[in-house]
Amino acid sequence: MLLYEHPLSSYAQKVKIVLREKGVAFTAELPETFGTGRSDGPFAAANPRTEVPVLIDGEARIFESTVILEYIEESWPVPPLLPRDPAARAFARMTEEVCDTQYEAVNWGFGEILWFRRATGALADRLRAEAAAQTTVLQDWLAGRLGEADWFGGPSFGWADAAAAPMVNRSVHYGLGPPEGSPLARWHARVRERPAVAQTFREFDAAAARMAEASDLYTTGGRRREYRDHRLEWMVKSGGVDVVLAGLRDRNIRFPWPGAATGPGADTP
Ligand SMILES: N[C@@H](CCC(=O)N[C@@H](CS)C(=O)NCC(=O)O)C(=O)O
């Protein structure tokens, strides 16, 4: 089985954690055309959105991390990551949904400043402060759902833990982790001890250490970052509309498939 992924992608990390928790063997591959939006090659053939993760299992080519998780849970039901009770399943899925949309967007925005240097000076300070404040809101929300339990699903590691782990870990990497000694910080310490999570985080750390050179590809190397839905919304609502306009002007951002034929967001000038 092949997983198209990028070790920094929180969505890819969620899938790798789940595969490893279930003991499912796979090969991880960074698509050659990742980050280009190019519509040729096997990656685009498997996912017209040209986003990772994509799971290739025989004839099945599955994109969207939540759909991939569902496929894994249905194909390898043991150990189960979703509880049996419908309300508890919905609870886990809602935790994942907020992590994948609101929380991921905040992390992404912080990375746009730190790694891709989209803003400097006062604007960078403002965007970082927004990210920090919104991270606190999201971590408070997660902490409320965790309560005093060891895991988000209750007594055992599950679906919501796999979804929240890459998000909270990335905040910690950015110096925006939960307060020391808090239940969420203790959960993070617990979750990162699991072999499936520890291996996935090691791969994240190694890729993060190489980010300085990789980010140059987007400013000088002709690559274009994808600005989409919650991420784009984050940048605009947090005060970074000029970042979007500069990216359009300099042609180093792009929008999701299908591309526009004309206009500032068009794939070709
Ligand atoms: N909703 C998708 C989001 C996937 C996604 O946005 N992946 C990013 C990496 S974190 C990506 O591949 N972006 C393509 C690009 O930047 O060119 C999922 O859950 O799988």
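1. Ligand shell. In this predicted model, 15 residues surround the ligand, and S9, Y11, E51, S65 and E226 come nearest. A residue is near a molecule or strand if its C-beta atom, placed from the backbone, lies within 6 Å of it. By class, the shell holds three nonpolar, seven polar and five charged residues. Ala, Val, Leu, Ile, Met, Phe, Trp, Tyr, Cys and Pro count as nonpolar; Asp, Glu, Lys and Arg count as charged; the others, Gly among them, count as polar. Helix α3 (65-75) and strand β5 (225-226) each give the shell at least two residues.

2. Ground rules. Residue numbers start from 1 along each chain as its sequence is written. The model is predicted: local features need pLDDT of at least 70, side-chain atom pairs count only at pLDDT 80 or more, and totals for chains, interfaces and linings use all residues.

3. Overall build. The protein has eleven helices and six strands. Both are DSSP runs, numbered from the N terminus: helices are H or I with at least four residues, strands are E with at least two. The C-alpha trace spans about 55 × 45 × 35 Å along its principal axes. The radius of gyration is 18 Å, which agrees with the value near 18 Å for a compact globule of 269 residues. That radius is taken over C-alpha atoms, and the globule rule is 2.2 Å times the number of residues to the power 0.38.

4. The sheet. Four strands make an open sheet, ordered β2-β1-β3-β4, with mixed pairing. Two strands pair if DSSP finds at least two bridges between them. The edges are β2 (27-29) and β4, each paired on one side only. Neighbouring strands are turned by 20° against each other on average, direction ignored.

5. The β3-β4 hairpin. Strands β3 (residues 54-57) and β4 (residues 60-63) run antiparallel and are joined by four bridges. L55 stands opposite I62, and I56 stands opposite R61. Two residues lie between the strands of this hairpin. G58, in the turn, has a positive phi of about 65°.

6. Helices α6 and α7. How do α6 and α7 pack? Helix α6 (residues 159-173) meets helix α7 (residues 183-191) at an angle of about 105°, with the axes 10 Å apart. Therefore α6 is roughly perpendicular to α7. Angles of 65 to 115 degrees count as roughly perpendicular, under 35 as roughly parallel, over 145 as roughly antiparallel, and the rest as oblique. Axes are lines fitted to C-alpha atoms, for helices over the stretch in contact; angles run from 0 to 180 degrees between N-to-C directions. From α6, D161, A165, V168, N169 and V172 meet L184, H188 and V191 of α7. Contact needs C-beta atoms, placed from the backbone, within 7 Å. The residues of this contact divide into five nonpolar, two polar and one charged.

7. Backbone points to check. Most residues other than glycine have a negative phi, and most peptide bonds are trans. V52 and P53 are joined by a cis peptide bond, with omega about 5°. P53 lies in the loop between α2 (41-46) and β3. Another cis peptide bond joins V78 and P79, with omega about -5°. P79 sits in the loop between α3 and α4 (86-114). R117 is not glycine, yet its phi is positive, near 50°. R117 is found in the loop between α4 and α5 (121-146).

Methods: Two residues are in contact if their C-beta atoms, placed from the backbone, lie within 7 Å.
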